[in-house]
Amino acid sequence: MKILVTGGCGFIGSNFIRHTLRRHPDARIINLDKLTYAGNPENLADVETDARYEFVQGDICDPATVERVFARGVDLVFNFAAETHVDRSIGDPGSFVMTDTYGVYVLLEALRRFGGARFVQISTDEVYGSIEVGAFRESDPLNPRNPYAASKAGGDRLAYAYFCTHGLPVLITRASNNLGPNQYPEKIVPLFTTNAIDDLPLPLYGDGGNVRDWLYVEDHCEALWVIAERGCVGEVYNVGGGAEITNLDLTRRILAILGKPESLIQPVVDRPGHDRRYALCCDKLRALGWTPRHDFDAALRDTVQWYVKNQAWWRKIKSGEFRKYYEAQYRGREV
Ligand code: NAD
Ligand code: TYD
């Protein structure tokens with residue numbers, strides 16, 4: 001089975017490629033990744049020499065590159081490639097609109113031209129917007145509230161449109177916040193973990209009461225395979241970890257695992273348009289036989305320990321492009 005993974009050098013994509021090579025011996029993977037600031041070939045150093053794996057550096061927004069890959073024959077596509085950080089999308093949304101919407105269009109056009117392959121569009125729970133009580137179902141209207149979420153909603157609905165209009169075998173997944181190894185340290189779990197290791201402040205937005213539903217990346221990878229193999233084309237599947245906690249609670253748990261004081265918590269001015277709560281109803285995916293297997297506290301402990309043990313990985317990132325970003329993002333925001 002020939003599989004095209006886009007964005008495979010990022011956080012979830014690299015975990016997914018490793019998971020797939022371990023669990024699906026017949027898989028042959030092409031990883032098409034542009035290597036933006038978030039793409040890191042070191043995430044896949046351990047599989048580089050596997051004959052079933054090939055890396056192609058390229059942009060999903062470039063039709064010639066995408067068509068060259070599709071022309072080699074593909075049975076299944078997982079589109080992870082995206083700009084993913086909400087805070088960056090606020091100041092600089094152009095690349096989000098390009099990759100997260102236009103890039104999906106380029107992939108779908110190639111799919112139409114070369115035909116056949118099942119196409120899994122990795123969308124996000126953020127397309128629904130915020131929910132105070134209850135949980136979003138797949139049939140609920142979309143109400144994205146930041147440029148990242150809106151660009152992802154564009155890709156999500158374009159994929160659906162190609163199913164309706166051209167009959168392409170498209171499936172759409174909407175996952176909640178992931179945690180796990182190899183996540184770029186701008187996101188809350190690796191940022192707060194690595195700052196705490198160095199006794200640096202943890203910049204907590206607003207009152208810390210925003211709620212996220214956490215999903216261990218390994219559970220996400222399993223869900224993606226269940227959806228690809230057993231899902232109905234044209235359908236959307238929510239993927240939630242079922243572990244809802246506030247950011248303040250999450251922060252306290254990270255500090256407790258590391259044995260660091262809560263005095264490291266530094267309240268900062270809130271993110272504009274900050275969604276208060278995300279929550280998903282996952283009955284549709286559970287009906288296909290999936291359930292998250294990892295307990296949240298154990299997953300958080302393993303994740304934090306991964307960053308403790310892999311300091312060379314994140315220290316290299318934090319001393320590079322990230323430094324400039326961090327200073328511009330957080331300077332003077334203390335309250
Ligand atoms: P990430 O930012 O860690 O990685 C994104 C990857 O895409 C990088 O390797 C980058 O180089 C690549 N990329 C970016 N633009 C590209 C382009 N134009 N062409 C080719 N490659 C490009 O992201 P992630 O956290 O691993 O997220 C992967 C996918 O999962 C995204 O589509 C995201 O929207 C979705 N998602 C993420 C989460 C989460 O909690 N991280 C939750 C739900 C959905
Ligand atoms: P993030 O990891 O950026 O994911 P998302 O915005 O996609 O949910 O943020 C998770 C939550 O953590 C979100 O409510 C914003 C909050 N947050 C902070 O409080 N401080 C930070 O420095 C960051 C990056 C996020």
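This is a short talk on two bound ligands and some charged residues in one structure.

Hi everyone, and thanks for coming. Please keep in mind throughout that this is a predicted model.

Let me start with ligand 1. Which residues sit closest to ligand 1? There are 28 residues surrounding this ligand, and the closest are Ile12, Asp33, Thr84, Tyr148 and Lys152. Some polar contacts are worth pointing at on the screen. A nitrogen atom of ligand 1 has a backbone N or O atom of Lys34 at 3.1 Å. Ile60 also uses its backbone, with an N or O atom 3.0 Å from a nitrogen atom of the ligand. With Tyr148 we move to a side chain: one of its N or O atoms there is 2.7 Å from an oxygen atom of ligand 1. On its own this ligand would expose 830 Å², and the protein buries 97% of that.

Where do the surrounding residues come from? Helix 1 (11-23), strand 5 (118-124), helix 5 (147-166) and strand 7 (177-179) each give two or more residues to the shell around ligand 1. Strand 5 gives the most, with 3 residues.

Now over to ligand 2. Here we have 19 residues around the ligand, and those that come nearest are Glu126, Pro203, Arg271, His274 and Tyr330. Do remember Arg271, please; we will meet that residue again. Looking at the oxygen atoms of ligand 2, one is 3.0 Å from a polar backbone atom of Ile188. A polar side-chain atom of Tyr330 lies 2.7 Å from an oxygen atom of the ligand, and for a polar side-chain atom of Arg212 the distance to a ligand oxygen is 2.8 Å. As for coverage, ligand 2 has 510 Å² of accessible area by itself, of which the protein covers 97%. Two elements, helix 6 (188-197) and strand 8 (202-205), each supply at least two residues of this shell.

Let me stay with Arg212 for a moment, since I find this residue fun to look at. Arg212 belongs to strand 9, residues 211-216. Which side chain of opposite charge is nearest to Arg212? That is Asp275, 5.4 Å away, and Arg212 has no salt bridge even though it is buried. The cut-off for a salt bridge is 4 Å between a side-chain nitrogen and a carboxyl oxygen, so a pair has to come within that distance to count. What the side chain of Arg212 does reach is the backbone oxygen of Asp275, at 3.1 Å. Beyond its neighbours within four places in sequence, Arg212 has contacts that include Asn177, Glu244, Arg271, His274 and Tyr278.

That brings us to the salt bridges themselves. Side chains of opposite charge can pair when their charged atoms come close. The count for this model is 26 salt bridges, and I have picked a few to show you.

First up is Asp87 with Arg271, the residue I asked you to remember; their closest N and O atoms are 2.7 Å apart. This pair links distant parts of the chain, 184 residues apart: Asp87 is in helix 3 (residues 86-91), while Arg271 is in the loop between strand 12 (265-268) and helix 9 (283-286). Asp87 is buried, at 6% relative accessible area, and Arg271 is buried too, at 15%.

Next, Glu186 and Arg88 meet in a salt bridge at 2.7 Å, N to O. Again the pair links distant parts of the chain, with Glu186 in the loop between strand 7 and helix 6, Arg88 in helix 3, and their positions 98 residues apart. Are these partners buried or exposed? Glu186 is buried, with a relative accessible area of 3%, and Arg88 counts as buried at 14%.

My last pair is Arg315 and Asp198, whose closest N and O atoms are 2.8 Å apart. Arg315 lies in helix 11 (residues 311-318) and Asp198 in the loop between helix 6 and strand 8, so this salt bridge ties together parts that are 117 residues apart in sequence. Here Arg315 is partly exposed, at 34%, and Asp198 is partly exposed as well, at 31%. One more item on this topic: salt bridges with shared partners join Arg88, Glu186, Lys187 and Glu321 into one network.

That is my tour. Thanks for listening, and I am happy to go back to any of these views.

Note on methods. Residues are numbered from 1 along each chain as its sequence is written. Chains are lettered from A and ligands numbered from 1 in the order in which they are written. This is a predicted model: local features need pLDDT of at least 70, side-chain atom pairs count only at pLDDT 80 or more; totals for chains, interfaces and linings use all residues. Side-chain values use heavy atoms; hydrogens and water are left out. Helices (H or I, at least four residues) and strands (E, at least two) are DSSP runs, numbered from the N terminus. Buried means under 20% relative accessible area, exposed over 50%, partly exposed in between (1.4 Å probe, protein chains only). Lys and Arg count as positive and Asp and Glu as negative; His and the chain ends are not counted. A polar contact is a pair of N or O atoms within 3.5 Å; within protein, one must be able to donate a hydrogen and the other to accept it, and residues adjacent in sequence count only if both atoms are side-chain atoms. Contact means heavy atoms within 4.5 Å. A residue is near a molecule or strand if one of its heavy atoms lies within 4 Å of it. Accessible areas come from the Shrake-Rupley method with a 1.4 Å probe; for residues, only the protein chains shown count as cover.
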